[in-house]
Amino acid sequence: MKNAQINLPLLVRIKAGALQRLGLYLARSRLTSAALFYSEGLLPSILDAARQSLRDHGVAPALVCEVKEASLEEAVRLRSAVPSSCKALVGLGGGKALDVAKYTASLAELPYFAAPTSLSNDGFCSPQASLTLEGKRQSLPTGPPEAVVVDLTVCQRAPLPLWHSGVGDLCSKFTAVSDWKLAFHRRGDPVNDMAALISDASVFQFMANPVSNEEGIRLLATALMLNGVAMEIAGSSRPSSGSEHLISHALDMTGARPRLHGLQTGTAAYLVSSLQRGNHHEKIGELFARTGFWHSVRKQPFSKEEWRIAVERAPSVKEDFYTILSESDAWPEFARMIALDPALIGCFE
Ligand SMILES: [Zn+2]
């Protein structure tokens, strides 16, 4: 029943100004030379702050490079550019750079420091990297980061839709855990109760202050990080990813314009939770109303036709992955909600 070994981040700093101390955190761990991978389009002031911090604390920049695409090919290419003197790898920015940095660090067997500059999904602390291989998206095991450094001031300056995306990805934990328990009841799939509990509890924690001020961002960062921990404890993505993620993955594969991951998974969680018939649907609805989640969706409404195709394809996206979508044709109920639910007005076209 027990996992042979669980790896968790040893250093966690979620506070204003944390980025200015990045060099200090590395130096304290005697990591005197580090490679810095950052997102394409990252604000120069953020990159400068990280580099300055490394300089201030005597950490040599072994390699500083912009990550252009979240692919395995890119990670392998960058791995070969990491000099042997390098003692750690830092990922700075959004999802792409962090996924590539995390995977490159695992290839190079170096400690990995995650420094997300926005909180648009739970990937920054997960034990896997989402990368494409020959154009096809895959989740590759990496283990979780050794350190997580979230600068609240930096994250607070990120565009609001990114925060809404993080809120959406967080709410999808409700539906993911329900699907996991359904798979247990229907087929006996093992559920790790502690991982399920952490995942569920992380959403309630955020609900205490679901606003985009410093405190709300701290709660969101902590909650998303705990989801990465839950995945590591479970040894699978089950605590964080269920039928709502299958729909999002199907949209990424078939849609003409994939949107922010958490806007997709959050909207899908809202729909799926209605099928699951528990009390999560109401809770997600309340949270989305309080945070203004739907405003970010309405800025660029989803295509109803693309969702129909994705919902039909979703059950076959992952092999042997039982969810509520395995039981019935979900689209008729979703179509009815899209037509009649006042919350969804303007979210689909
Ligand atoms: Zn997600």
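Trainee: In this predicted model, what arrangement do the four donor atoms around the zinc ion make?
Mentor: The angles that the four donor atoms subtend around the zinc ion run from 52 to 142°. A tetrahedral site would need all angles to lie between 85 and 135 degrees, and because the range of 52 to 142° does not keep to this, the arrangement is irregular.

Trainee: Which protein donors of the zinc ion lie 2.1 to 2.7 Å from it?
Mentor: Two of the entries are OD atoms of D169, and the others are NE2 atoms of histidines. In sequence, the donor residues follow the spacing D-x75-H-x15-H. The histidine pair links distant parts of the chain, with one member in helix α9 (residues 243-254) and the other in helix α10 (residues 261-276), 16 residues apart. The protein donors are therefore D169 (OD), D169 (OD), H245 (NE2) and H261 (NE2).

Trainee: Is H245 buried or exposed?
Mentor: Buried means under 20% relative accessible area. H245 has a relative accessibility of 5%, so it counts as buried.

Trainee: How does H261 count at 24% relative accessibility?
Mentor: The class between buried, under 20%, and exposed, over 50%, is the one to consider here. Because H261 has 24% relative accessibility, it counts as partly exposed.

Trainee: Which residues does R13 touch, not counting residues up to four places away in sequence?
Mentor: R13 is found in strand β1 (residues 11-15), and at 27% relative accessibility it counts as partly exposed. With those sequence neighbours left out, R13 touches A18, Y25, R28, V148, V149 and V150.

Note on methods
Residues numbered from 1 in each chain as written. Predicted model: local features only at pLDDT ≥ 70, side-chain atom pairs only at ≥ 80, totals over all residues. Heavy atoms only, no water. Donors = N, O, S within 2.8 Å, 3.2 Å for Na, K, Ca; no water. Tetrahedral: all angles 85-135°; square planar, octahedral: opposite > 155°, others 65-115°. Helix = DSSP H or I, 4+ residues; strand = E, 2+ residues; numbered from the N terminus. Buried < 20%, exposed > 50% of the residue type's maximum accessible area, 1.4 Å probe, protein only. Contact = heavy atoms within 4.5 Å.
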